[in-house]
Amino acid sequence: MLEGRLIHTSLMGSSITAKVTRGCLQGGVLSPLLWNLAVDRLLTVTNDLGFSTLGYADDIVIIVQGKVTHTVKETLQNALNMVAKWAVKEGLNISPHKTAMVPFTNRRKIEGLGPLNLMVKILKCWIRLSIWG
């Protein structure tokens, strides 16, 4: 399951076969267990440091809350730096292009929250306004 895997795909008469050198089999029965074994320590460490970190499927979510955007940005950047160091130490990769910051706020204008960096890439920022009546 972990070594010597080949993937094969074809489209409109053309096909390609490639050797998989990393990652777990998509949809494999052991994939969730292997992910849990790999990421459980990260969740424990980040939560022990005061970040609210949750694992869901094959993703993690880091929740940071506060009233001062500069403080929220600094705290979140510290969490991202710790995750990046953990990934390097464990020999794993993070996809910064699949990572985004999603602020939930009822403010109309957010200044000072970005940019955030993950492994020398600037993160996308998706704005989600939460309007409470």
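Q: Which residues make up the largest nonpolar core, and how many are there?
A: In this predicted model, the largest nonpolar core contains Val-72, Leu-76, Leu-80, Ala-84, Met-101, Leu-113, Leu-116, Leu-118 and Leu-123. Counted together, these residues number nine.

Q: Which element supplies the largest share of this core?
A: The largest share of the core amounts to four residues. The element that supplies them is α2.

Q: Which residues does Leu-80 touch, leaving aside its neighbours within four places in sequence?
A: Leu-80 is itself a member of the largest nonpolar core. With the neighbours within four places in sequence left aside, the contacts of Leu-80 are Leu-116, Asn-117, Leu-118 and Leu-123.

Q: How many residues does the other core have?
A: Apart from the largest core lies another one. Among its residues are Trp-35, Met-82, Val-83 and Trp-86. The count for this other core is eight residues.

Q: Is Gln-77 buried or exposed?
A: Gln-77 is placed in helix α2, which covers residues 69–90. A residue counts as buried when its relative accessible area is under 20%. Gln-77 has a relative accessible area of 14%, so it is buried.

Q: Which residues is Gln-77 in contact with, leaving aside its neighbours within four places in sequence?
A: Helix α2 holds Gln-77. Once the neighbours within four places in sequence are left aside, the contacts of Gln-77 are Pro-115, Leu-116 and Asn-117.

Q: How many helices and strands does the chain have?
A: Read along the sequence, the pattern is β-β-α-β-β-α-β-β-β-β-β-β. The secondary structure comes to two helices and ten strands.

Q: Over how many bridges do β1 and β2 pair?
A: Strand β1 covers residues 5–11, and strand β2 covers residues 14–20. The two strands pair in the antiparallel sense. Leu-6 has Lys-19 in β2 as its bridge partner, and Leu-11 stands opposite Ser-14 in β2. The number of bridges between β1 and β2 is seven.

Q: Which residue in the turn between β1 and β2 has a positive phi?
A: β1 and β2 form a hairpin with two residues between them. One residue in this turn has a positive phi of about 50°, although it is not a glycine. That residue is Met-12.

Q: Is Met-12 buried or exposed?
A: Met-12 is found in the loop between β1 and β2. A residue counts as exposed when its relative accessible area is over 50%. The relative accessible area of Met-12 is 80%, so Met-12 is exposed.

Q: What distance separates the C-alpha atoms of Gly-4 and Thr-21?
A: Gly-4 lies in the segment before β1 and is exposed, with a relative accessible area of 58%. Along the chain, Gly-4 and Thr-21 are 17 residues apart. Their C-alpha atoms are separated by 7.7 Å.

Q: Which residue in the hairpin of β3 and β4 takes a positive phi near 55°?
A: Strand β3 (residues 52–56) and strand β4 (residues 59–63) pair in the antiparallel sense over five bridges. Within this pairing, Leu-54 stands opposite Val-61 in β4. The hairpin has two residues between the strands, and the one with a positive phi near 55° is Ala-57.

Q: What accessible area do the residues of the nonpolar surface patch have together?
A: The patch is formed by Val-29, Leu-30, Leu-33 and Leu-37. Leu-37 lies in helix α1, residues 31–48, and counts as exposed at 60% relative accessibility. Together the patch residues have an accessible area of about 430 Å².

Q: How far apart in space are Ala-38 and Leu-92, C-alpha to C-alpha?
A: Ala-38 lies in helix α1 and is partly exposed, with a relative accessible area of 32%. In sequence, Ala-38 and Leu-92 are 54 residues apart. In space, C-alpha to C-alpha, the distance is 9.3 Å.

Q: What percentage of the residues of the chain count as buried?
A: The chain has 133 residues. It exposes about 10300 Å², of which carbon and sulfur atoms supply 58%. The buried residues come to 24%.

Key: Residues numbered from 1 in each chain as written. Predicted model: local features only at pLDDT ≥ 70, side-chain atom pairs only at ≥ 80, totals over all residues. Heavy atoms only, no water. Buried < 20%, exposed > 50% of the residue type's maximum accessible area, 1.4 Å probe, protein only. Contact = heavy atoms within 4.5 Å. Pairing = 2+ DSSP bridges. Patch = residues over 30% accessible without salt bridge, like charges linked within 9 Å, V, L, I, M, F, W, Y side chains within 5 Å. Areas by Shrake-Rupley, 256 points an atom, 1.4 Å probe, with all protein chains shown as cover. Salt bridge = Lys/Arg side-chain N within 4 Å of Asp/Glu carboxyl O. Core = buried A, V, L, I, M, F, W, Y, C linked by side-chain atoms within 4.5 Å.
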